[in-house]
Amino acid sequence: MSGMDMLNAAEQRELQGRMERKQMKDFMNMYSNLVQRCFNDCVNDFTSKSLLTKEEGCVMRCVDKFLKSSERLGERFQEQNAQMAQQGGMMGGR
């Protein structure tokens, strides 16, 4: 029996709402860190209100690299979890 099965409908809705708020907060923190990092690394000419071509290219590469590394990190995390679950299943079968 999972933990969610032991909660009534109102408690399940409350838990779901909290999980959604946490996910949104985590997403906003990640987005904020991405913007701050790429801005600090790429933008250094404040004589114009728009980005220079080289700054725009730098920002695009920075965002692309950040997203690809986050995706790869998530994949590795899933691989590690699968490996641990597999090893746990082998130990439990003894």
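Which residues form a nonpolar patch on the surface? In this predicted model, the patch is made up of Met24, Phe27, Met28, Met30, Tyr31 and Val35, which together have about 570 Å² of accessible area. Several of these residues can be placed in helix α1, among them Met24 and Met30. Met24 counts as partly exposed, at 49% relative accessibility, and Met30 is likewise partly exposed, at 34%. Met30 can also be related to a residue far along the chain, since its C-alpha atom is separated by 9.9 Å from that of Ser70, with the two positions 40 residues apart in sequence numbering.

Two members of the patch, Phe27 and Tyr31, also take part in aromatic pairing, for which a search of the whole structure finds 2 pairs. The ring centres of Phe27 and Tyr31 lie 6.5 Å apart and the ring planes meet at 20 degrees, so this pair is classed as stacked, the limit for stacking being an angle under 30 degrees. Both residues belong to helix α1, which spans residues 9-42, and they are 4 residues apart, about one turn of the helix. Phe27 is partly exposed, with a relative accessible area of 43%, and Tyr31 is also partly exposed, at 44%. In the other pair, formed by Phe39 and Phe46, the ring centres are 6.1 Å apart and the planes stand at 50 degrees, so the arrangement is tilted. Phe39 is partly exposed, at 39% relative accessible area, whereas Phe46 is exposed, at 61%.

Charged side chains were examined in the same way, and a search of the whole structure finds 8 salt bridges. One of them joins Glu14 and Arg21, with a distance of 3.9 Å from N to O; Glu14 counts as partly exposed, at 39% relative accessibility, while Arg21 counts as exposed, at 52%.

Glu79 takes part in further salt bridges, including one with Arg72, in which the closest N and O atoms are 3.4 Å apart. Glu79 is partly exposed, with a relative accessible area of 38%, and Arg72 is partly exposed as well, at 39%. The side chain of Glu79 also meets that of Arg76 in a salt bridge, at 2.7 Å from N to O. Arg76 and Glu79 are 3 residues apart in helix α2, which covers residues 53-92, and are therefore separated by about one helical turn. Arg76 counts as partly exposed, at 38% relative accessibility. Through salt bridges that share partners, Arg72, Glu75, Arg76 and Glu79 are joined into one network.

How values were computed
Residues numbered from 1 in each chain as written. Predicted model: local features only at pLDDT ≥ 70, side-chain atom pairs only at ≥ 80, totals over all residues. Heavy atoms only, no water. Phe/Tyr/Trp six-rings, centres within 6.5 Å; stacked < 30°, edge-to-face > 60°. Helix = DSSP H or I, 4+ residues; strand = E, 2+ residues; numbered from the N terminus. Buried < 20%, exposed > 50% of the residue type's maximum accessible area, 1.4 Å probe, protein only. Patch = residues over 30% accessible without salt bridge, like charges linked within 9 Å, V, L, I, M, F, W, Y side chains within 5 Å. Areas by Shrake-Rupley, 256 points an atom, 1.4 Å probe, with all protein chains shown as cover. Salt bridge = Lys/Arg side-chain N within 4 Å of Asp/Glu carboxyl O.
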